[in-house]
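Reader: I'm new to this, so could we go through a structure together, one question at a time?

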Amino acid sequence: MRRPIFRSGIVTLIAVPFFLAACGGKGTVATDAASEASAAPVSPPEPQQAAPAPDPAPEKTGGFDGQKAFQHVADLVAIGPRTAGTDANHRAQDYLIGQLKTMGCPVDPQAFHTPTPLGDMEMRNIVVKIPGTSPDILLFLTHYDTKRLPNFVGADDGGSSTGLMLEFARLLCPRKNALTIWIAFLDGEEAFNVQWKDPDNTYGSRELAARMALSGDLARTKAVLLADMIGSRDLRIKRDTNSTSWLTDMVWSTASRLGYGDFFVSSETAVEDDHVPFLSRKVPSVDIIDLEIPYWHTPQDTLDKLSPRSLAVVGHVLIAVVPQLEQKFARSSSARLP
């Protein structure tokens with residue numbers, strides 16, 4: 001996927017150790033005498049683990065439904081590996097377009113051709129453009145393709161943020177928003193080669209940024225918010241030091257205010273991702289990503305690693321950030337999110 005980088009300028013992949021918990025056996029010893037069994041000392045009961053926190057209900061998350069987002073992830077995972085240019089990738093496109101149209105969203109599929117290590121390839125960004133009172137744009141990003149690896153279904157990496165943005169679109173498409181809101185489902189984020197090396201990455205975001213620059217839409221884009229790998233059961237999102245400081249502060253302070261400080265932590269990392277083409281064009285951008293997970297780019301990136309609660313938490317934060325950005329940038333105060 002993308003690569004974490006260090007401030008020293010030396011690029012390396014983070015190796016996150018996967019610690020397996022050693023579990024003692026709990027077998028019983030059979031005896032022939034009932035008296036021996038009755039005379040045996042009774043062991044104290046095993047301490048019970050605390051039940052996982054329940055998924056927050058939509059009425060507590062600004063209407064965002066983590067279960068609905070999770071179902072979208074499950075539907076995408078059922079398609080299988082969704083590498084750019086494959087039939088499965090095209091089926092994922094059809095799924096996205098179908099779901100978005102059902103929600104009443106204005107959908108703009110944007111096909112483009114690009115050179116890759118495998119030759120010229122057609123890819124497709126799927127962009128939802130929700131008109132607002134102001135023509136100024138808030139742009140939300142996710143990628144839906146998966147890394148070109150055997151048996152890699154990308155439940156978290158490609159799936160989780162796509163499910164989140166589909167549920168996000170369900171909430172925002174019918175609303176009257178103060179700013180114009182775009183939600184872009186990007187193709188070709190992943191490198192085709194094993195290693196992340198320019199220009200073999202971020203095909204979709206580079207194409208979208210270039211198109212928006214030519215059309216003049218980029219000049220009206222006030223903020224870019226990228227979500228990527230946000231579904232882990234043990235979600236812990238670090239601040240990306242490549243991201244725009246004030247926008248990162250807004251997202252993290254919102255998470256803290258909503259009680260999600262354990263998910264959006266103060267530790268820092270530096271990540272190259274789909275926000276970089278916009279940062280390079282001086283558009284304020286933030287990457288919301290939990291990259292330091294043991295199943296990253298392995299066949300173990302499966303649905304059981306994810307939690308609807310994590311999706312609901314990140315969705316709630318994004319929903320709560322929208323009116324703050326509208327207040328900061330909207331030219332008209334006549335329309336606000338409820």
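Author: Sure! One thing first: axes are lines fitted to C-alpha atoms, for helices over the stretch in contact, and angles run from 0 to 180 degrees between N-to-C directions. Also keep in mind that this is a predicted model.

Reader: Okay, how do helix α2 and helix α4 pack, and what is the angle?

Author: Helix α2 covers residues 66-79 and helix α4 covers residues 155-172. Their axes lie 8 Å apart, and the angle is about 135°.

Reader: What do we call α2 and α4 relative to each other?

Author: Angles over 145 degrees count as roughly antiparallel, and 65 to 115 as roughly perpendicular. The angle here is about 135°. So α2 and α4 are oblique to each other.

Reader: Which residues of α2 meet α4?

Author: On the α4 side, the partners include A155, G159 and R170. By class, the contact has 7 nonpolar, 5 polar and 3 charged residues. From α2 come K68, A69, H72, V73, L76 and V77.

Reader: Where is the cis peptide bond, and what is its omega?

Author: Most peptide bonds are trans. The cis one joins D198 and P199, with P199 in the loop between β5 and α5. Its omega is about 5°.

Reader: T202 is in that loop too; is T202 buried or exposed?

Author: T202 isn't a glycine, yet its phi is positive, about 45°. Buried means under 20% relative accessible area. T202 has 4% relative accessibility, so T202 counts as buried.

Reader: And what is the relative accessible area of M229?

Author: M229 sits in the loop between β6 and β7, with a positive phi near 60°. M229 is buried, and its relative accessible area is 0%.

Definitions and conventions:
Residues are numbered from 1 along each chain as its sequence is written. This is a predicted model: local features need pLDDT of at least 70, side-chain atom pairs count only at pLDDT 80 or more; totals for chains, interfaces and linings use all residues. Side-chain values use heavy atoms; hydrogens and water are left out. Helices (H or I, at least four residues) and strands (E, at least two) are DSSP runs, numbered from the N terminus. Angles under 35 degrees count as roughly parallel, over 145 as roughly antiparallel, 65 to 115 as roughly perpendicular and the rest as oblique. Contact means heavy atoms within 4.5 Å. Ala, Val, Leu, Ile, Met, Phe, Trp, Tyr, Cys and Pro count as nonpolar, Asp, Glu, Lys and Arg as charged, and the others, Gly among them, as polar. Buried means under 20% relative accessible area, exposed over 50%, partly exposed in between (1.4 Å probe, protein chains only).
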